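Q: I have a protein model open and do not know how to read it. Where do I start?
A: Look at the pockets, then the sheets, then the cavities.

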Amino acid sequence: MSARPNSAAFAAPFRDFALETYFSRWEFKARFNLAGSDPETMTLNELLALGTEEDRRAFGDMSLGYTETWGAPALRRTIAGTYETMEPEDILCFAGAEEPIYVAARVLLGPSDHAIIVTPGYQSAETIALSICPVTAVPLDPERDWELDVDRVREAIRPNTRLLSINFPNNPTGHVIPRESLDALVTLCREHGIWLFSDEVYRRMERRPEDRLPQVADIYERGISLNVLTKAYGLPALRIGWLACRDREFLQRCERYKHYLSICNAGPSELLADIALRAADHVTDRIRSITEANLAVLEEFFARHRDLFDWHVPKGGCIGFIRYRGGDGVEAFTARLVEETGVLLLPASVYRSELAAVPEDRFRIGFGRKNTAQAVEVLDRWLGGR
């Protein structure tokens, strides 16, 4: 008989991914996902209809063999065209957004380095870096509508700081910093030789076009722009993400690391991604119309419940981080809600950080899906019956 395996050898390399663990329990069991960070998607036929007849023939005739690790050349050309200065050689495709977050941290950071992250944010930006080297968190200020204090970033810089990680429009707050703040961050990074990793997955979902920031890869030689089809394009099932960067040696190192992970993307997904990006305005305008209608519903709901919720319209994205004023606390509130009504919200605990306090009285709400009004109606009735 073989020896019993050592359970320690099978332990996860990081602490549990709190958000994904919570979703693993509830996302596909809840009646309404009122916490989703992705907007309303479309069917395969609807997406194919946005392409040409040649696209549809190519999709049906596609060989289901391996694809290029860098991504399909046509797709990389299309992605490069969504930037001001990128060439196809400045683009490396990945399976979703989590893979490039992981790879970039592993390629850039070593034990003797130091990283700075902005919180609250997607947990892996903190957890992966923290598994490699010391990390300092700079929190957004909830009392100033989640504004970033650039001076606090400056104070966090050390002689060995190698990476600054930001995310705007922010998950979960929806905040977008002013252009002058982004320029100040680029100046700081340039002065100290720091890489600037910018999670831009909600770009194109700003409430006002004038709030849209430039993509970091376009304005900084050590800028790394992350994007994916999951958020602003509403196509999570395609699992297509990418990094854009002018430093091709960095991308080459990332490509070598990818050989140990996904190796390459799915060919059908790459062709569909190319179609979606060529029809970007149509795809994102459709999503924007849904989110704007849902925002009107939320405005009315929160106006009726000012005693329970502190709400303001996020500057971008399709999620918000709402203060709950109820005496039972946000953890009990969200737990009872999903168990009694099937309406899912994300409590603040899933955004906990080891490095900085995240307000414990918040929950994430999503408003990108067509059934948002129906979910809010269920929530409204439940509150009235408590």
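Q: Which classes of residue make up the lining of the largest pocket?
A: Take the lining residues and sort them by class. In this predicted model, the pocket lining has twelve nonpolar, seven polar and ten charged residues. The volume of this largest pocket is about 610 Å³.

Q: Which residues lie nearest the centre of the largest pocket?
A: The lining counts 29 residues, and Glu 20, Ser 37, Asp 38, Thr 230 and Lys 231 lie nearest the centre.

Q: Which element gives the most to that lining?
A: Helix α1 does, with three residues. At least two residues each come from α1 (18-26), β1 (32-33) and α5.

Q: Now the sheets. In what order do the seven strands of the open sheet stand?
A: Read a sheet strand by strand, from one edge to the other. Here the order is β2-β8-β7-β6-β5-β3-β4, and the pairing is mixed.

Q: Why is one side of β2 and of β4 left without a neighbour in the sheet?
A: Strands β2 (91-95) and β4 (135-139) stand at the edges. Each has a single partner strand, so one of its sides has no neighbour in the sheet. As for the twist, the average is 20° from one strand to the next.

Q: In which sense do β6 and β7 pair?
A: Check the direction of each strand. Strand β6 (residues 195-199) and strand β7 (residues 223-228) pair in the parallel sense, over four bridges. To find the place on screen, look for Phe 197, which stands opposite Ile 224 in β7.

Q: Which strands does helix α10 touch?
A: Helix α10 (residues 248-258) packs on this sheet and touches β2, β5 (161-167), β6, β7 and β8 (240-244). The direction of α10 makes about 25° with that of β2.

Q: What is the strand order in the open sheet of four strands?
A: Read this one in the same way. The order is β9-β10-β13-β12, and the pairing is antiparallel. At the edges are β9 (309-310) and β12 (346-347), which pair on one side only. Strand β9 is joined to strand β10 (residues 319-324) by two bridges, and the two run antiparallel. In one bridge, Phe 309 has Tyr 324 of β10 as its partner.

Q: On to the cavities. How many cavities of 30 Å³ or more does a search of the whole structure find?
A: The search finds six. The volume of the largest cavity is about 210 Å³.

Q: Which residues are closest to the centre of the largest cavity?
A: Of 17 lining residues, the closest are Ile 101, Ser 124, Ala 125, Ser 165 and Phe 197. You have met Phe 197 already, opposite Ile 224. Two or more lining residues come from each of α5 (98-108), β3 (114-119), α6 (123-130), β5 and β6. By class, the lining has twelve nonpolar, four polar and one charged residues.

Q: What lines the second largest cavity?
A: This cavity holds about 120 Å³ of space. It has 16 lining residues, and the closest to the centre are Gly 121, Tyr 122, Gln 123, Glu 126 and Tyr 351. Both β3 and α6 supply at least two residues each. The lining divides into ten nonpolar, four polar and two charged residues.

Q: Where does UniProt place the domain feature?
A: A record can mark a stretch of the chain. The unreviewed UniProt entry places "domain: Aminotransferase class I/classII large" at residues 53-373. The end C-alpha atoms of that span lie 37 Å apart, and the span is 38% helix and 17% strand.

Notes:
Residues numbered from 1 in each chain as written. Predicted model: local features only at pLDDT ≥ 70, side-chain atom pairs only at ≥ 80, totals over all residues. Heavy atoms only, no water. UniProt positions renumbered as here; feature names shortened; annotations may be inferred. Pairing = 2+ DSSP bridges. Axes fitted to C-alpha atoms, helices over the stretch in contact; angles between N-to-C directions. Contact = heavy atoms within 4.5 Å. 1 Å grid on protein atoms, 1.4 Å probe; cavity = no way out; pocket = protein on both sides within 12 Å on 5 of 7 lines; lining within 4 Å. Points joined across faces, edges and corners; volume = space filled by probe spheres on them. Nonpolar A, V, L, I, M, F, W, Y, C, P; charged D, E, K, R; others polar.
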